Amino acid sequence: MTVVEERMPALYLSHGAPPLADDPVWPGELAAWSAGLPRPKAILMVSAHWEEAPLALGATETVPLVYDFWGFPEHYYQVRYAAPGAPQLAEDVRKLLRGAGTPVQDIPDRGLDHGAYVPLVEMFPDARIPVLQISLPTLDPRKLMDIGRKLAPLRDEGVLIVGSGFFTHNLAALRHAGGTPGWSSEFDDWGHRALQAQDIDALLDFEHKSPAGRLAHPRTEHFAPLFVTLGAAESELDQGRSVIDGFWMGLAKRSVQFG
């Protein structure tokens, strides 16, 4: 790996659904965010929409996207994001994880899912930066933080580590609510304050220590990528900041940067 002068930050972003592209505000927020970042050598994506154990590495060459959603207008299935593969990054991830006792498998035909490409289309629309997606091998926050710690050295090699989820995510409950439901705004406020206070213990135990934690995340998969990011940024948690906040269709779109 080639050492770069500037260490890359680590991000957790709320990725939205395919209609994010039609929102009047959010795409511009993502574009402005990326414009202020150093140019990555490569991007490592951890999406809420790929759970696979042991930890899996996706395609290392350009393959078709995974349109892992149903019932949307046809034009959302015509989106393309032909980013280069990242075989060297894949090899570096293998060495870091296997060397630390974490098993790794390869799924070479697995393309980027919407948790990866939807935000990347807005942030890096030229699709020239190599991208590698890896799976969530578990939803255990502590184990995911440990994986993030093992991946942290990649930041010194120009790799942008991105955990992609949604700060609140309960689509079933949204069907019975108008506007922003209380459980979403309460959890968002609690999570924001916990991040500001660097209260990692509270975040790790969010289901019990947060207001409406089980309503905000009936499953952990959309909050889980945050813990990979926190592990990768553990030495710089005091440099964390919310870059995007507010709500989209009742869900908190809070997105944070460390470093």
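**Buried elements and a helix pair**

In helix α3, the buried residues are H114, G115, A116, Y117, V118, P119, L120, E122 and M123. The model discussed here is a predicted one. With nine of its ten residues buried, α3, which spans residues 114-123, is largely enclosed by the rest of the structure. It is worth asking what surrounds this helix: which elements do the buried residues of α3 pack against? The partners are β1 (10-14), α1 (26-35), β2, β5 and β6 (159-165).

Two of these partners, β2 and β5, deserve a closer look. Strand β5, made up of residues 131-136, is mostly covered, with six of its six residues buried. Strand β2 (residues 42-51) runs parallel to β5, and five bridges join the two. Within this pairing, V46 of β2 stands opposite I134 in β5.

Elsewhere in the model, attention turns to a pair of helices. Helix α4 (residues 141-151) packs with helix α10 (residues 224-232) at an angle of about 40°, and their axes lie 6 Å apart. Because angles under 35 degrees count as roughly parallel and those from 65 to 115 as roughly perpendicular, this angle makes α4 oblique to α10. The crossing of the two helices is right-handed. On the α4 side, the contact is made by P141, L144, M145, G148 and R149, while α10 contributes A224, F227, V228, L230, G231 and A232. By character, the residues of this contact divide into eight nonpolar, two polar and one charged. A general point helps in reading such a list: an α-helix has 3.6 residues a turn, so residues three or four places apart point the same way.

Conventions
Residues numbered from 1 in each chain as written. Predicted model: local features only at pLDDT ≥ 70, side-chain atom pairs only at ≥ 80, totals over all residues. Heavy atoms only, no water. Buried < 20%, exposed > 50% of the residue type's maximum accessible area, 1.4 Å probe, protein only. Helix = DSSP H or I, 4+ residues; strand = E, 2+ residues; numbered from the N terminus. Pairing = 2+ DSSP bridges. Axes fitted to C-alpha atoms, helices over the stretch in contact; angles between N-to-C directions. Parallel < 35°, antiparallel > 145°, perpendicular 65-115°, else oblique. Left-handed = near helix turned anticlockwise from the far one by under 90°. Contact = heavy atoms within 4.5 Å. Nonpolar A, V, L, I, M, F, W, Y, C, P; charged D, E, K, R; others polar.
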